[in-house]
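Load the model in a viewer and keep a selection prompt at hand. The stops below go from one selection to the next.

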Amino acid sequence: MREVPILVVGGGPAGASAAATLAEAGLPVLLSEQRDQLGGAIHRQSAGGTESHVWRPGRHRRNWTALTARLQAAADRVEIRTQTIFLGVDGEGRFLFDDRRSGRVFARQPRAAIIAAGAIETIRPFPGWELPGVMTVGGAQVLLKETGRPPAGPILVAGSGPLLPALSAQLAKAGNPPVAVLERGQPWRMPKAMARLALSGGPIGEAAAYAATLAAHRVPYRCGAVVTCAEPDRDGLKVGIRIGTSEQTLRVRHLLIHDGIEPNRTGIPLPAPDATVPILLAGDGREALGADAARLDGRLAALRLLGRLGRAIAGTAPEEQGLQRARDFQTALARALHSEPIQPAPETVICRCEGRSYADLQDLADDASAREIRLMGRFGLGACQGRFCGPMIAALRGRPLPATSPPRWPLRPVSVAALARLSIDETE
Amino acid sequence: MNGHFFWNGAPVAFRPGETIAAALLRAGVADLGQPHEAPGGRVFCGIGACQGCVVAVANAAPVEACLTPAREGLRLGPLPAIGADHA
């Protein structure tokens with residue numbers, strides 16, 4: 001009988017790094033990835049395998065080339081299943097996957113699992129964020145990397161964080177610079193945080209390259225600027241913006257929004273120290289620190305797992321130090337760009353799946369339980385299961401949305417036909 | 001361009017390896033329908049998390065447009081209104 005594999009969920013930098021590290025230690029690995037190629041959002045390649053012309057930092061290219069070479073070298077121990085969606089863990093402890101290629105659900109009882117499901121973007125809601133034409137900055141970046149082409153027509157980029165200038169520079173280089181970049185934060189009012197940021201050893205060169213690109217294309221980058229509303233306008237959007245105390249309206253085709261990232265943890269099983277099947281989280285899905293840290297964190301999770309399985313392991317000090325550097329940088333960045341939450345207008349959609357508004361949320365008791373929020377408020381009850389409204393509700397209520405326990409499967413809608421063709425691994 | 005699928009019966013061209021979402025957006029299709037009493041579908045997060053771009057597929061289960069490679073001849077449309085089958 002063949003050895004029971006270790007499951008790695010997610011083929012981004014954390015998952016790929018964990019899988020390579022485990023396979024190099026001689027263990028069989030099953031690596032599942034929802035897309036048709038590995039890489040995650042950061043290393044998304046152009047569709048059809050053609051050379052991508054979207055500009056990106058050299059170190060990301062080098063890191064990914066090195067990781068794929070390691071996976072290649074250990075190919076006899078790594079089974080890669082692409083277009084395979086992780087559905088969760090059933091009551092018997094089986095990990096369920098939807099293989100979209102074959103239209104079949106399969107179950108595995110692994111020896112251990114590392115879940116590297118990445119991050120999701122957070123947004124701060126305003127009336128109209130739910131309209132067609134409004135997309136996340138990260139979503140637009142993935143599309144740009146895949147197609148090599150920017151969206152046609154005027155683009156406005158708004159929200160907060162370093163992804164705003166990064167994508168805006170990529171759009172400019174690809175031929176359609178945004179009409180403006182609106183950063184909610186006011187970093188010049190935070191001189192101490194700015195000083196700490198400058199000393200944090202973060203990717204300052206990268207930031208300078210983006211700033212230079214935006215300047216060369218005359219893209220205004222405004223701080224203390226927010227989107228207040230969006231409305232349909234012929235085949236585009238009419239977007240209300242506020243810069244300081246001045247209000248304006250812009251007509252654009254695309255509004256790209258982003259206010260940071262959070263670990264994608266909705267429905268993800270939690271690691272328990274005494275579990276017979278150890279589960280570890282890795283990468284942005286454990287702690288949202290970005291791609292460089294995710295690669296280190298994937299390796300760290302693999303080394304910790306090897307230790308738990310009784311293998312002698314190398315020291316983990318370099319990885320721990322790298323993670324701490326990323327954490328310091330993110331903390332300084334968050335302080336520099338900090339802005340107080342704004343209470344949205346009552347009609348603002350909070351739950352897009354079920355069409356629930358901020359007024360509906362306010363109707364719930366302050367101490368409403370997860371069950372009440374879901375069953376009475378209908379928040380987090382729709383197809384996304386609260387992955388998007390959850391962080392918004394937590395921010396607006398000032399405390400985390402209570403999790404449903406145990407996490408329920410399926411994490412994603414799955415066809416009954418695929419479930420009916422369930423195959424259970426015969427190595428059990 | 002290498003192939004076509006259909007959105008509401010109209011042909012949409014796609015390049016090899018491209019997702020349904022990428023092809024629809026290039027064709028200018030941003031609004032992916034208007035289910036009953038809820039905001040309409042649209043590509044939003046690009047990573048399968050928000051479920052905003054789930055589209056109906058003829059003779060198959062709905063899929064996230066942003067995750068799913070386009071295939072020749074697929075017949076796609078907006079998700080039916082909730083409860084429409086039971087009206």
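Two strands count as paired if DSSP finds at least two bridges between them. The model is a predicted one.

**Stop 1: β10 and β16 of chain A**

Select residues 155–159 and residues 254–258 of chain A, which are strands β10(A) and β16(A). The two strands run parallel to each other and are joined by 5 bridges. Pick Leu156(A): its bridge partner in β16(A) is Leu255(A).

**Stop 2: the neighbour β11**

Keep β10(A) and add residues 180–183, strand β11(A). β10(A) and β11(A) also pair in the parallel sense, over 4 bridges. Here Leu156(A) stands opposite Ala180(A). Which way do the side chains of β11(A) point? Ala180(A) and Leu182(A) point one way, while Val181(A) and Glu183(A) point the other, and all of these residues are buried. In general, side chains in a regular strand alternate between the two faces of the sheet.

Next add residues 221–223, strand β12(A). β11(A) pairs with β12(A) in the parallel sense over 3 bridges, and Val181(A) stands opposite Tyr221(A).

**Stop 3: the whole sheet**

Zoom out to show the sheet that holds these strands. It is an open sheet of 5 strands of chain A, in the order β9-β16-β10-β11-β12, with parallel pairing. What are the edge strands? They are β9(A), residues 134–136, and β12(A), each of which pairs on one side only. From one strand to the next the twist averages 20°.

**Stop 4: helices on that sheet**

Select residues 137–147 of chain A, helix α3(A). This helix lies across β9, β10 and β16 of chain A and runs at about 80° to β9(A). Then select residues 163–173, helix α4(A). α4(A) packs on the sheet and touches β10, β11, β12 and β16 of chain A. The direction of α4(A) makes about 165° with that of β10(A). Show β10(A), α4(A) and β11(A) together: they make a right-handed β-α-β unit.

**Stop 5: another sheet in chain A**

Now display β3, β2, β1, β7 and β18 of chain A; in that order these 5 strands form an open sheet with parallel pairing. The edges are β3(A), residues 78–81, and β18(A); each has a single partner strand, so one side of each is left without a neighbour in the sheet. The twist here averages 15° from one strand to the next.

For a closer view, select residues 6–9 (β1) and 113–115 (β7) of chain A. These strands pair in the parallel sense over 3 bridges, and the bridge partner of Val8(A) in β7(A) is Ile114(A).

**Stop 6: the pair α1 and α2 of chain A**

Two packed helices are described by the angle between their axes and the distance between the axes. Select residues 13–24 and 58–73 of chain A, helices α1(A) and α2(A). Their axes come within 9 Å and cross at roughly 35°, and the crossing is left-handed. On the α1(A) side, show Pro13(A), Ala16(A), Ser17(A), Ala19(A), Ala20(A) and Glu24(A); these meet Leu67(A), Arg70(A) and Leu71(A) of α2(A). The residues of this contact divide into 6 nonpolar, 1 polar and 2 charged.

**Stop 7: Thr266 of chain A**

Centre on Thr266(A), in the loop between β17 (261–263) and β18 (279–281) of chain A. Why does Thr266(A) count as buried? It has 22 other C-beta atoms within 10 Å, and the cut-off for a buried residue is 20 or more. Leaving out residues up to four places away in sequence, Thr266(A) touches Gln385(A), Gly386(A), Arg387(A) and Gly390(A). Gly386(A) is 120 residues from Thr266(A) in sequence, yet the C-alpha atoms of the two are 7.2 Å apart.

**Stop 8: chain B and its contact with chain A**

Select chain B. Its secondary structure comes to 1 helix and 5 strands, and along the sequence the pattern is β-β-α-β-β-β. Of the 87 residues in chain B, 46% are buried. Among contacts in chain B with a separation of 6 or more, 39% are between residues 24 or more positions apart.

Finish at the contact between the chains, which takes 30 residues from chain B and 35 residues from chain A. On chain B, α1 (20–26) and β4 (60–64) each supply at least two residues of the side that touches chain A. The largest share of that side, 3 residues, comes from α1(B). By type, the residues of the side of chain B that touches chain A divide into 18 nonpolar, 7 polar and 5 charged.

Technical notes. Residues numbered from 1 in each chain as written. Chains lettered and ligands numbered in written order. Predicted model: local features only at pLDDT ≥ 70, side-chain atom pairs only at ≥ 80, totals over all residues. Buried ≥ 20, exposed ≤ 12 C-beta atoms within 10 Å, placed from the backbone. Right-handed = clockwise from strand over helix to strand, strands pointing away. Contact = placed C-beta atoms within 7 Å. Nonpolar A, V, L, I, M, F, W, Y, C, P; charged D, E, K, R; others polar. Axes fitted to C-alpha atoms, helices over the stretch in contact; angles between N-to-C directions. Left-handed = near helix turned anticlockwise from the far one by under 90°.
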